[in-house]
Amino acid sequence: MNILDRYHAMEYGPAPEARNEADAWLAARDFGKALFIGGDWKAASGGKTFETSEPSSGKLLAKVSDANAADIDAAVSAAAKALPKWSASSGYTRAKVLYAIGRAMQRHQRLFAVLESIDNGKPIRESRDIDVPLAIRHFIHHAGWAQALDRDFPGHKGVGVVGQIIPWNFPLLMLAWKIAPALAAGCTVALKPAEFTPLTAILFAEICERAGVPKGVVNIVQGGPEAGAAIVNHPGIQKIAFTGSSEVGKIIRKATAGSGKKLSLELGGKSAFIVFEDADLDSAVEGLVDGIWFNQGQVCCAGSRLLVQEGIADALIAKVKTRMSRLRVGSPLDKNTDIGPLVDATQLDRVKGLVAEGARQGAVCWQPDAALPTSGYYHLPTLATGISPANILAQEEVFGPVLATMTFRNTEEAIELANNTRYGLAASVWSENVNLALHVAPQLKAGVVWVNGTNMFDAACGFGGYRESGFGREGGREGIFEYLAAKLPLGPVIKPAAVSAQPAEQSDGDTIDRTAKLFIGGKQVRPDGNYSLAVATAKGKLAGEVGLGSRKDIRDAVSAARACKAWPEATAYNRSQVLYYLAENLSGRAGEFAARLTELTGATPKAARDEVDQSIERLFLYAGLADKFEGRVHQPPARAVTLALHEPVGVVGIVAPDVSPLLGLISLVAPALAMGNTVVAVPSERYPLLATDLYQVIEYSDVPAGAINIVTGRTAELAAVLAKHDDVDGLWVFADADTCAKAEAESIGNLKRVWSGNGRGLDWASDEAAGDAFLRRAVEVKNVWVPYGD
Amino acid sequence: MSSTIREAELGAGASKVTPLPARAAANTPVPLDHRIARNPGMKLDLGFMESVRSVNRSALERRVASLTKRRSLKADNQAAWLLRAVACMDLTTLNSNDTEERVRRLCAKAINPFRRDIVEGLGIADEVIRPAAVCVYHPFVATAVDAVRGTGIHVAAVSTAFPHGLAPLSTRLQEIEASVKDGADEIDVVIPRGLVFGAKWRELYNEIVSMRAACGDAHLKVILGTGDLATLRNVMLASMVAMMAGADFIKTSTGKESVNATLPVGLAMVRAIRAYFEETGYLIGFKPAGGISTAKASLDWMVLMKEELGRPWLEPELFRFGASSLLTDIERQLEHHLTGHYSANHRHAMA
């Protein structure tokens, strides 16, 4: 073609990014010694390697050391060895290291981008303009957190040695999301990149060498499932941070149950992309391009479910199709490529299989008429219409360039459809009406909501999911907490409840017989099984009988808690007043509760009175904090505000300790209530009468029905039922170690957020057993991005 | 011809014309037909305007930011696209110290835009590639018409009390008629921006209808003065009114506002063009003007046209740059393409 031909054709033509530097880098490395442990490059001790190839051609790129358990052990040892000095170093020292990493990455920005595109297959435009700059931003942003740690997080310290496992879709960016906050918090790390994409992590390790990262602070171990399992199970690791599939996330949750390891999981998603009739439709179409065709759709928060208001559905779909036909599928190293290959043949097969199954279930799948490159794992952008919510394409995460489309009639239905998923990672809301957008955003069960935008990320803003999309946040202030341990006053080890002889002898007293029932949905109800549990006094006599709650009572209690809308929707001021009123009414009966404590626990009258007074004080505290534990406004480097909203976790199960049976229960229930959660509490198995005595106090205090539900019975049994209940969003367990471990292990059904004392209680009487550390457990942080400008 | 008569002629049903063949949507490729059916306009349809008033500035800014980074032109393609920019250029002089001699120089440059060695080096001697028009103030129309006679270069006159548009309507219409009489076949009119702020759409519509009538066969380009309009929503709505009133082109700026043609403004306008096309089947031209002085910027604008509207909008019938210094920068880039040497302004003949 001569220039005149081109003048008439007006096509873009190829615009290849040079790869010679990257090829030279590849050629100069011994990938058989790719384990970066304690500042040295090592071969895998088992001598094994795995292959990484180029998705655009299938060609072999390198054979990379494949770490085994011994190598992981070496990496963890190196991290543990480096920990004391690193964690004790000043924030300024750590800030300088993070800054140096960021700047050094900046100096090698293009090499990172080209390597990433070669290894992963993502278009160079994305690696160059999005992944790598964001990764750099993460390090420079977190340099500031390192120095601000003492100021902003008093009473916290770094959690210790961290094991991190990252996916292949954003290899360098996910590495940055993991390593930057860990180093800022004074942790040392052992990180395992994904097998498909080991390369940029190796370049990053080289950067660490040059940027003055102390040996052992960052260890990068390449490997597969064996290495991953070794990290998860290593006793020398205090925290696991994982990004990947929900399936593996659940395995990790189960494997770490009872280990005391802190855990954060960033998992899959089926994020809704909601377009209302007053949206800027052309911009919404571009939003979809950024939402589902970004990185070939291999994005955990991809806007894969398009929900469009009926009146504009045809117009929008027409625009989407037109736009799709303009997407350029091709070599990742061509600057004009919009969609590159999927990462691997297995991934391509999976996507094709899901599309075929979706079509079999009635979806109409449309693809633009475009030629695909002859080699490589390419998949055309795909639009699936005629989708019912039950269709596999509406349910399952495809992790490919496939958009499932449904319509809705009104706002309520849009929200319902959006939330009709096990996942809860992200959502987009498109409307020019700020009233509508800000009405919908808080009602979406998703950790990130973009208003009139999608796939916006920043180091200053939190990212992470609700529901089975995982827990924990990355980025922003909320992300730092994931690498910190709060100083909580530990209590004694909790022993499993002994099955003691039933007290027979009625304790002294000339009172009318009282039947302590369960408290569910605002009513005192008999246990479903109609059995009772005898409660002994401190002297071993019969103090009374409480209902023996069973799984069905838990079921009913959870239903009541779920049905209670009045409490989560109440204003914080309103909740505050109810909690004050609870305190007021408890105060009115303080003597009675103190006497009960003495009767049951044998506490001295003074100690008993102190516990009651402290319980009242604690209610007062959380009543006051109900409208003060507020979210933040993050400031990403864009014309946007990001509202980090504190939302209630939802239905929270609380398994309260025997020690301080009143104060312990109230110390847990009050913060949960203050933040708008509804609660299903299992009180002390040994001293449940303190909880049943509360029923009347609750009834007098204007607490909406279902906000507090109390089920007495066997702690271990009821904790397990709560753990297995998939409509319980959070579970706090202060019980024996075995009960705690089982609760964590059984939580995987819906990945509820479990807070366990791991067999230890807290010193409930301590002032430190209250406050932000509790409130933080009681909220999800939702980041709502609101770009603005007119 | 008064505006009321025009509206009556069009009638209620006349706004929906039979579209040109094979156009599913404006930005799908259509066979190039250089004879573009002229926009007859339509009645002022406030409901239609309402349906396009949602313009999200942040989203448009993100779109243009990624658009210009997601398309890249290299080597011969880049040279070809730069030649295209020249072919879609209204080579312009709009200075208060313009003289007839200055205008003749401009015309001479338009007739012979490239050095001979560049034409030969690029292998484009078989085709005439030169600016589509010269654009001048009214007093120089006759001079320009004389200078470009026989070349096929159009003569565009800025009109209607350019750049502010604040003269009496009768004066403004007379100015159009005078320029047409002197031989201008393209008339670049300005709108009084106050009508937009006051949402006086009917008044604006009527004025433009009158201007179109005054143009006769001359093509009407309506300058919105987007730098003055404050919001992209105003830009979108003013674009719609101009097209409904019969504009052949809509144009961003006079070059005299404090903010010139920007890509987000351009994006709003081309989306207005697309919406009008989808509604009526008529293809409206687009002319960004003011501040576009580098070859790189011209490529960004052409990428915008190709991505949002498609190939037809890379022909001078539907796309023009209003530019004065852009040509020289393009010449320098073309010389660099041929020689590998970075060039200097003084190596290329000035206008």
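Helices and strands here are DSSP runs, at least four residues for a helix and at least two for a strand, numbered from the N terminus. I'm working on a predicted model, so I keep that in mind throughout.

**Entry 1: two glycines in chain A**

I went to A:Gly258 first and found it in the loop that links helix H10 (246–256) to strand E10 (262–266) of chain A. Buried or exposed? I get 19 C-beta neighbours inside 10 Å for A:Gly258, so I put it down as partly exposed; buried would need 20 or more. Leaving out residues up to four places away in sequence, I see A:Gly258 touching A:Ala737, A:Cys740, A:Ala741, A:Glu744 and A:Asn758. I also looked up A:Arg526: it sits 268 residues from A:Gly258 in sequence and 34 Å from it in space, C-alpha to C-alpha.

Then A:Gly47, which is in the loop between strand E2 (40–42) and strand E3 (49–53) of chain A. With 10 other C-beta atoms within 10 Å, A:Gly47 is exposed. I checked A:Asp66 against A:Gly47 and got 7.6 Å C-alpha to C-alpha, with the two positions 19 residues apart in sequence.

**Entry 2: domains and cores**

For chain A, I have domain 1 (20–266), domain 2 (272–464) and domain 3 (517–628 + 646–760) from the domain assignment. The C-alpha centres of domains 2 and 3 of chain A are 42 Å apart.

Next I looked for the largest nonpolar core, which holds 174 residues. Its members that touch the most others are A:Leu98, A:Ile101, A:Ile274, A:Leu307, A:Leu393 and A:Val449. Helix H7 (residues 171–184) of chain A gives this core its largest share, eleven residues. Where does the core lie? Domain 1 and domain 2 of chain A both contribute residues, so I place it between them.

I followed up on A:Val449. Setting aside neighbours within four places in sequence, it is in contact with A:Ala427, A:Val429, A:Ala441, A:Leu444, A:Lys782 and A:Val784. I also noted a second, separate core of 119 residues, with B:Ala157, B:Ile208, B:Leu232 and B:Leu267 among its members.

**Entry 3: two helix pairs**

I started with H7 of chain A and its partner, helix H6 (residues 124–152) of chain A: the axes are 8 Å apart and the angle is about 5°. H6(A) and H7(A) are therefore roughly parallel, the cut-off for that being under 35 degrees. On the H6(A) side I listed residues including A:Leu134, A:Phe139, A:Trp145 and A:Leu149, and on the H7(A) side A:Leu172, A:Trp177 and A:Pro181 are among those they meet. I count 14 nonpolar, two polar and one charged residues in the contact of H6(A) with H7(A).

Over in chain B, helix H3 (residues 57–70) and helix H13 (residues 263–280) have axes that come within 9 Å and cross at roughly 105°. That makes H3(B) roughly perpendicular to H13(B). H3(B) brings B:Arg57, B:Leu60, B:Glu61, B:Arg63 and B:Val64, while H13(B) brings B:Leu263, B:Pro264, B:Leu267 and B:Ala268. Here I have six nonpolar, no polar and three charged residues.

**Entry 4: where the chains meet**

Last, I looked at the contact between the chains, which takes 35 residues from chain B and 33 residues from chain A. H3, helix H4 (75–87) and helix H14 (295–308) of chain B each supply at least two residues of the side that touches chain A. I split that side of chain B into twelve nonpolar, nine polar and 14 charged residues.

Terms used
Residues are numbered from 1 along each chain as its sequence is written. Chains are lettered from A and ligands numbered from 1 in the order in which they are written. This is a predicted model: local features need pLDDT of at least 70, side-chain atom pairs count only at pLDDT 80 or more; totals for chains, interfaces and linings use all residues. Axes are lines fitted to C-alpha atoms, for helices over the stretch in contact, and angles run from 0 to 180 degrees between N-to-C directions. Angles under 35 degrees count as roughly parallel, over 145 as roughly antiparallel, 65 to 115 as roughly perpendicular and the rest as oblique. Two residues are in contact if their C-beta atoms, placed from the backbone, lie within 7 Å. Ala, Val, Leu, Ile, Met, Phe, Trp, Tyr, Cys and Pro count as nonpolar, Asp, Glu, Lys and Arg as charged, and the others, Gly among them, as polar. A nonpolar core is a set of buried Ala, Val, Leu, Ile, Met, Phe, Trp, Tyr and Cys residues joined through C-beta atoms within 7 Å. A residue is buried if 20 or more other C-beta atoms lie within 10 Å of its own, exposed if 12 or fewer, and partly exposed in between; C-beta atoms are placed from the backbone. Domain bounds come from an automatic or database domain assignment.
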